[in-house]
Amino acid sequence: MNEQPRTLYWVFLGFVGLVISLYVLFPVFWLFLASFKTQAELAQLPISFWPESPTLDAYKALFSPTHQKGQLLDWPQLIGNSFFIAISSTVIVLVFGTLAGYAFARLNFPGRDLILGGLLISRMFQGAALLLPTYRLMSMIGLQDSLIGLVLLYSAFGLPFATWIIASSLREIPKELEESAMIDGASRLQSMVMVVLPLATPALITASMWHFVGAWSEFAFASILLESNDNKTVTIGLASFVELFTLEFQYVGAAATIVALPIMLVFFFGQRYFTRGLLAGAVKG
Amino acid sequence: MSNSISRRRFLGTTAAVGAVTFLPGTPALAASGEISVWKFGGTPQEVEVWAQRNEAFSEANPDIDLNYSYFNGQIRRQKILAGFQTNRLADVIIAFGQDIPEFAGFGMIQPLDDIAGDKIEGWKERIVSEVYESGVHEGKLYALPTYVDMASFLAINLDAMEEAGFDRPPETWDEVREYAKAMTKPDRPGIAFPATTAPVDINIFEGLAYANGGRIFDEETGKVTLNDKGVVDALQFYVDLINDGSTPANTSLTETFFRDTAQLFGQGRSAMWIGLSWLNTPWGVNEDVRWTGVPMPKPENPSGSFEPVSAIMDGTAMLMVSSRSKNPEAAAEYVDFWSQDQQLEVWGGQPEIARIPAGKAAWDNAELKEAWPNWVKAYDEGTLFKGGAPMPRFIGVSAIESALGTAIQQAVLGQKMPQEALDEATAAAQGQIDLIRG
Amino acid sequence: MLRSDRFLAYALILPVVAAVVAFVVGPTYNVATLSLTQVVMGMERGFGTLGNFKALAADPVFGLVLKNTAIWILGGTFLCVTVGLAVGTYLAIDSRMTGWLRALILLPWVLPDVVTAMAWKWMLHGQVGIIGQTLQNTGLTEDTVSFLGDPQLVMWVLVVVLIWRKMPLVALILCAAIRSVPDDQMEAARMDGANAVERFRFVTLPNIAFSLTAVTVISMIWITAEFALPWIMTGGGPANASQIMATYIYQQSFEFFNWGVASAMSVINLVMLASIVALYLYINRRSWASEGSK
């Protein structure tokens, strides 16, 4: 190939990459920039692109106990609560999703496909319409203002999809591996844990990351179910900066940065597994 | 009419339940026990101060265990509804005056007259009577106001006004059109008004419509009156301003809500804006912008079939007590706490200057006088609330306001003439309201 | 098949089924009964009426809502998958830039939608937003463009934001699928003289066909459940031009307190979507259910 088209090709690719980055990353970047601006600068027209005198005040305010916006929102605690909810429900989803996924992939029983299909369709039964009945249910069982309640709820929301991904990827693993382990005297459980699961790691990672992010960023149900300040989550904290009267994008930006950072780190290192898991699970079926 | 009978019967039952529960109440014992309080939204200062004052309440009432929760203002109605349906409504809820008829009609809140006893006298003494009235529904006090907002007001950039050769703010709608046209420059419209679906934007328009003798609903006949001439002509006034070329593009108005409008004005991007009584105070204006706020000028000849009003008002932090409260004495104690001068003075310009304070004492504050000399003067002369009325409130108010919001946007966008848009809105809203009221 | 296996299977899926029945099916059943109940003055009055459905049929807004919902779900899904495919194809190329992008592209998905909706609303505003200002400063447009205030534009602008949020994951899935296309097939096509477009059409596409249909359903499910984006950004305006099922249901139940009608709408919504997905699952049962296993 001669040199010129080759250069052109890379220039073109670079250009496409730039366009994609602009579309995907600019809004996030804009929030990030806002976190270093002052209230006055944010109100100013024409809009200044770069912070005129970058300040860390918004970050300091988030973590200083003197600035509580009257809501006693304690960011370390919000983050702790969100981590608790996201991690616990991820563990639940992972454990029970794997058990069920194994059954759907390996065992034969009447109604299997119907049940799996039904579970998948139930994923659509969420949204605004279910807020009230769910609240009623949660308060009936006494879990309306509790982190445990949210953990259970999110787990129920996340299980069908996780089960599907895990089942699909388990199906890809040759049965013979497992069977030979069982011939060697391992029980079904042993062979599942020792032989099958290690091979399904990418799918398990995918399912967990998927669920983790969903649980981490859920707002509608958290906002209506949680009441006490001790129980609030990061999304509720974030939403409190976008009240009717406030135009405090510096706090939104700062909080969003803090909220996104841990997840991005996880993604950065888990990316390889994540995409591989998606491929093995949801993709090949 | 069947619906009014059923509503009255329903209210009767609630009141009876209240009577049974509270008549044997222990006399003159200091309230004790646990109460929960839900507060929704508010300006940053208000939200902050509210939490601080709660500590003072707890100190003064060591026997009452106060359980205070703050929620995002946007989930107010769904949270209250969910709490009510599951019998977990907080003892005290702090909501909007516009909510009162629905909350009372559904049996969520109870009249304070029944539980506050002799405290009521003190409330009447300390609170401006017109504002106090905004908590009254069907002859009973359902909510204690801490402040009100009034619609509609006009913010004027004084430099722009003088530059256009005027020496006083406009006084009639025709003058507003004339001023707006004269103050318009290629890069700066003469006037802006918000026209999104946000409830405040709709309240701002209602201020104009009510001043023109319009109403959105006639409680007597149960009929939606969005197509009353008073409302139609008020909407025509919006359309005229657009057609005069005095506003930003019409599609811009429908994406610009009150806060954006305030920002445009504060940054010198619009010479006037129509808003609620707080105008720019929650956000401030650029230092080089000299401005003043005046009550929205009135139409020369009000054309609606109802009594024209000077302004409409509503409180958005009104204390109500749940009808199922297990501890109404303590709840009444909390409401009483917020009726004290020290608390009501929060809205007297220090720290909050954005509201029309409910407390009489708050009006003597120097800070308020400095921020709103015209308001304080009118209050002292007794004209501030004269001819005022509450903002629309009745069962189904949101459905009608939402239909009105759609009609406003259709007319602003030029999709329909005001009459046509409002005729359709009337029909749609009537259908909704018949359904809600049965 | 052993009988004990059957019991084991039911025991293994029991927790999942129980959780879904308790927390998803239960409340859904609640909504279904409410849709057949007359609700007056916030009180449930009499079960067994079609009044709520009739009211919907008579509601002039509902037709518009159906049309907008079709744009939202069908247009959104279509664009989400096509844009995702384009971006995924790009990301499948090996280079340092695509390596970074593959990690960073998930950012829109990681932030809560409450925040991203507010940020977009702020950015898109024609007069006080950075996008509107940039368009004007660079002279690309003469007047302010009101992305969210123009009834002709608003629905599509919402779809653009929706795709921004949902596309990255689709792109990553498809990127992974494209990268797993066997090299020998590619090489053979190249030897046969196929150009890049032909290779994509005749080698890549058939290989990722299943992934494509899978992400189609996943996207559709996501987009159905998405509510915060349109609600926060436009509240259904201007003049109901962006009113969709999700926002209208919310408005009817929490603003109008009219939850009989809101439930009726939810039921219609669920039946429509569930049948689309069920049909899809039925047609593709070979690939996702037992028969697909090797």
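# Briefing: chains A, B and C

Within chain B, 13 residues of domain 1 meet 12 residues of domain 2. By class, the domain 1 side of that contact holds five nonpolar, six polar and two charged residues. Keep in mind that this is a predicted model. Below is a quick tour: the domains of chain B, the contacts between chains, the helices of chains A and C, and a handful of backbone oddities.

**Chain B and its two domains**

- Both domains of chain B are built from two stretches of sequence: domain 1 takes 2-146 + 315-390, and domain 2 takes 151-311 + 396-437.
- Measuring over C-alpha atoms, the centres of domain 1 and domain 2 of chain B sit 29 Å from each other.
- Helix α18 of chain B runs over residues 397-412, and its 16 residues reach 22 Å from first C-alpha to last, close to the 22 Å expected at 1.5 Å a residue.
- That helix, α18(B), is mostly covered, with 16 of its 16 residues buried.
- Just past the end of α18(B) comes G414(B), with a positive phi of about 80°.

**Where the chains meet**

- Chain C puts 90 residues in contact with 82 residues of chain A.
- On the chain C side of that contact, helix α1 (residues 3-35) gives the most, with 21 residues.
- That side of chain C splits into 68 nonpolar, 17 polar and five charged residues.
- Chains A and B also touch, through 24 residues from chain A and 27 residues from chain B.
- On the chain A side facing chain B, the elements that give two or more residues are α6 (131-140) and α11 (220-225) of chain A.
- The largest share there, five residues, belongs to α6(A).
- Sorted by class, the side of chain A that touches chain B has 11 nonpolar, nine polar and four charged residues.

**Chain A**

- Chain A has 13 helices and zero strands.
- Of the 285 residues in chain A, 54% are buried.
- Take the contacts in chain A with a separation of 6 or more: 77% of them join residues 24 or more positions apart.
- An unreviewed UniProt entry marks "transmembrane region" in chain A at residues 7-33, 83-105, 114-135, 147-170, 191-213 and 249-269.
- One of those spans, residues 83-105 of chain A, is 100% helix and 0% strand in the model, with its end C-alpha atoms 31 Å apart.
- Another, residues 191-213 of chain A, comes out at 96% helix and 0% strand, and its end C-alpha atoms lie 31 Å apart.
- On confidence, chain A has a mean pLDDT of 81, and 88% of its residues reach 70 or more.
- Among the elements of chain A, α4 (residues 75-106) has the highest mean pLDDT, 91, while α13 (residues 249-283) has the lowest, 73.
- Where pLDDT is low, the predicted coordinates should not be read in detail.

**Chain C**

- For chain C, UniProt (unreviewed entry) places "transmembrane region" at residues 7-26, 70-93, 100-120, 153-181, 202-223 and 256-283.
- Residues 202-223 of chain C are 100% helix and 0% strand, and the end C-alpha atoms are 30 Å apart.
- Residues 100-120 of chain C are 81% helix and 0% strand, and here the end C-alpha atoms are 24 Å apart.
- G139(C) sits in the loop between α7 (130-137) and α8 (154-179) of chain C.
- G139(C) counts as exposed because 7 other C-beta atoms lie within 10 Å, and the cut-off for exposed is 12 or fewer.
- G139(C) and A278(C) are 139 residues apart in sequence, and their C-alpha atoms are 49 Å apart in space.

**Backbone oddities**

- Most residues other than glycine have a negative phi, and most peptide bonds are trans.
- L45(A) and P46(A) are joined by a cis peptide bond, with omega about -5°, and P46(A) falls in the loop between α2 (39-43) and α3 (57-63) of chain A.
- A second cis peptide bond links A151(B) to S152(B), with omega about -5°; S152(B) is part of strand β8 (residues 147-157) of chain B.
- E138(B) is not a glycine, yet its phi is positive at about 45°.
- E138(B) lies in the loop between β5 (136-137) and β6 (140-141) of chain B, and it is partly exposed, with 13 C-beta neighbours inside 10 Å.
- A239(C), also not a glycine, has a positive phi of about 50°.
- A239(C) belongs to the loop between α11 (228-233) and α12 (245-255) of chain C, and it is buried because 25 other C-beta atoms lie within 10 Å, where 20 or more is the cut-off.

Notes:
Residues are numbered from 1 along each chain as its sequence is written. Chains are lettered from A and ligands numbered from 1 in the order in which they are written. This is a predicted model: local features need pLDDT of at least 70, side-chain atom pairs count only at pLDDT 80 or more; totals for chains, interfaces and linings use all residues. Two residues are in contact if their C-beta atoms, placed from the backbone, lie within 7 Å. Helices (H or I, at least four residues) and strands (E, at least two) are DSSP runs, numbered from the N terminus. Ala, Val, Leu, Ile, Met, Phe, Trp, Tyr, Cys and Pro count as nonpolar, Asp, Glu, Lys and Arg as charged, and the others, Gly among them, as polar. Domain bounds come from an automatic or database domain assignment. The expected span of a helix is 1.5 Å times one less than its number of residues. UniProt positions are given in the numbering used here, feature names are shortened, and annotations may be inferred rather than shown by experiment. pLDDT is the predictor's confidence in each residue, from 0 to 100.
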